[in-house]
Amino acid sequence: MNFETYSKYYDLLYQDKDYAKEAAYLIEQYSAIKGETPKSILDLGCGTGIHAFEMSKLTNGKVHGIDRSVDMIDKARNKYSDESLLNFTESDILDFQSDERFDFVISVFHILSYQTSNDAFNQYFKVAADHLNKDGVFVFDCWYGPCVLNIRPETRFKVFESDQIKLKRAALPDLKFQENLVDVNYDISILEKSSGHFTEFSELHPMRYYFMPEIKMMLKKHNLKLLNAKEWMSDQNLSEITWSACFVVSK
Ligand SMILES: C[S@@+](CC[C@H](N)C(=O)[O-])C[C@H]1O[C@@H](n2cnc3c(N)ncnc32)[C@H](O)[C@@H]1O
């Protein structure tokens, strides 16, 4: 299972990601349609809970985060133990069942792309649709097929350094174009400066890139209406240079 060891360093690796701005963007997508902020939010694949926290601050509403990684959920619970509006559950999205219905369901930072089989693709949309209120809004993003095949994934390196540690991450992609998959192998090394202790580990993240016709087919199957499809965090239309596509749909 991915995000086992990776989760320990997740917040460090993404410390420059502007979660507050992303949360504001997500709430804007909802408000533009509904003319108000959502009162209840479900975050599918919430990770360490930062979007949940930021969205709750913006709306003063409840946010329920779901993630299958026990370590990510533990981190979210520990960070936000004082936040009464936040609730985190360890569950696979695909198995998630609740009687609760939400105004707004979000699932971002490529959660759909982690659903690599056709069954998972279908079940992901079923769970999102099942937990939406009537006229509720669902926002999700994914790797966009035309761009992945056009640009092709490349090896990328990231270095993070603090007073305590130096962390290096190499992301090595293997494009499996018969399966619409990219196997991303993360090689991570960590040096603890005080002890000189050195740790290395690898984690495989298979990512599926999706195309518009299959997404439209799945939305139709689950009675979801496509309202908008743009580049994530931008007003650009989807194209062969859009890596991350963001979809706004309603029930
Ligand atoms: C790249 S992280 C994004 C986390 C968070 N949304 C963020 O923006 O920081 C992907 C997360 O999706 C979770 N995930 C992927 N597929 C899942 C599934 N089927 N059920 C539950 N969690 C899933 C992983 O455990 C991981 O925490």
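**Strand β1 and helix α2 in the predicted model**

Strands β1 and β4 pair in the parallel sense, with three bridges between them. In this pairing, Ile 41 stands opposite Phe 104 of β4. The model discussed here is a predicted one. Strand β1, made up of residues 40–44, also pairs with β2 (residues 62–67); this pairing is again parallel and runs over five bridges. Here Leu 42 stands opposite His 64 in β2. The link from β1 to β2 brings in a helix: β1, α3 and β2 together make a right-handed β-α-β unit. As for its surroundings, β1 is mostly covered, with four of its five residues buried.

We can turn next to helix α2, which covers residues 19–34. At 1.5 Å a residue, its 16 residues should span 22 Å, and the end C-alpha atoms are indeed 22 Å apart, so expectation and model agree. The buried residues of α2 are Ala 23, Leu 26, Ile 27, Gln 29 and Tyr 30. Viewed down the helix axis, these buried residues fall within an arc of 145°, and therefore they line one face of α2. Such a pattern is easy to read, because an α-helix has 3.6 residues a turn and residues three or four places apart point the same way. On the other side of the helix, Lys 21, Glu 28 and Ala 32 are exposed.

The buried residues of α2 pack against α3 (50–59) and against three strands, β4 (102–107), β5 (132–143) and β11 (244–250). Two of these partners have already appeared: α3 belongs to the β-α-β unit, and β4 pairs with β1. After α2 comes Gly 35, whose phi is positive, near 70°.

How values were computed: Residues are numbered from 1 along each chain as its sequence is written. This is a predicted model: local features need pLDDT of at least 70, side-chain atom pairs count only at pLDDT 80 or more; totals for chains, interfaces and linings use all residues. Helices (H or I, at least four residues) and strands (E, at least two) are DSSP runs, numbered from the N terminus. The expected span of a helix is 1.5 Å times one less than its number of residues. A residue is buried if 20 or more other C-beta atoms lie within 10 Å of its own, exposed if 12 or fewer, and partly exposed in between; C-beta atoms are placed from the backbone. The arc is that of the directions from the helix axis to the C-beta atoms. Two residues are in contact if their C-beta atoms, placed from the backbone, lie within 7 Å. Two strands pair if DSSP finds at least two bridges between them. A crossover is right-handed if, with the strands pointing away from the viewer, the path from the first strand over the helix to the second runs clockwise.
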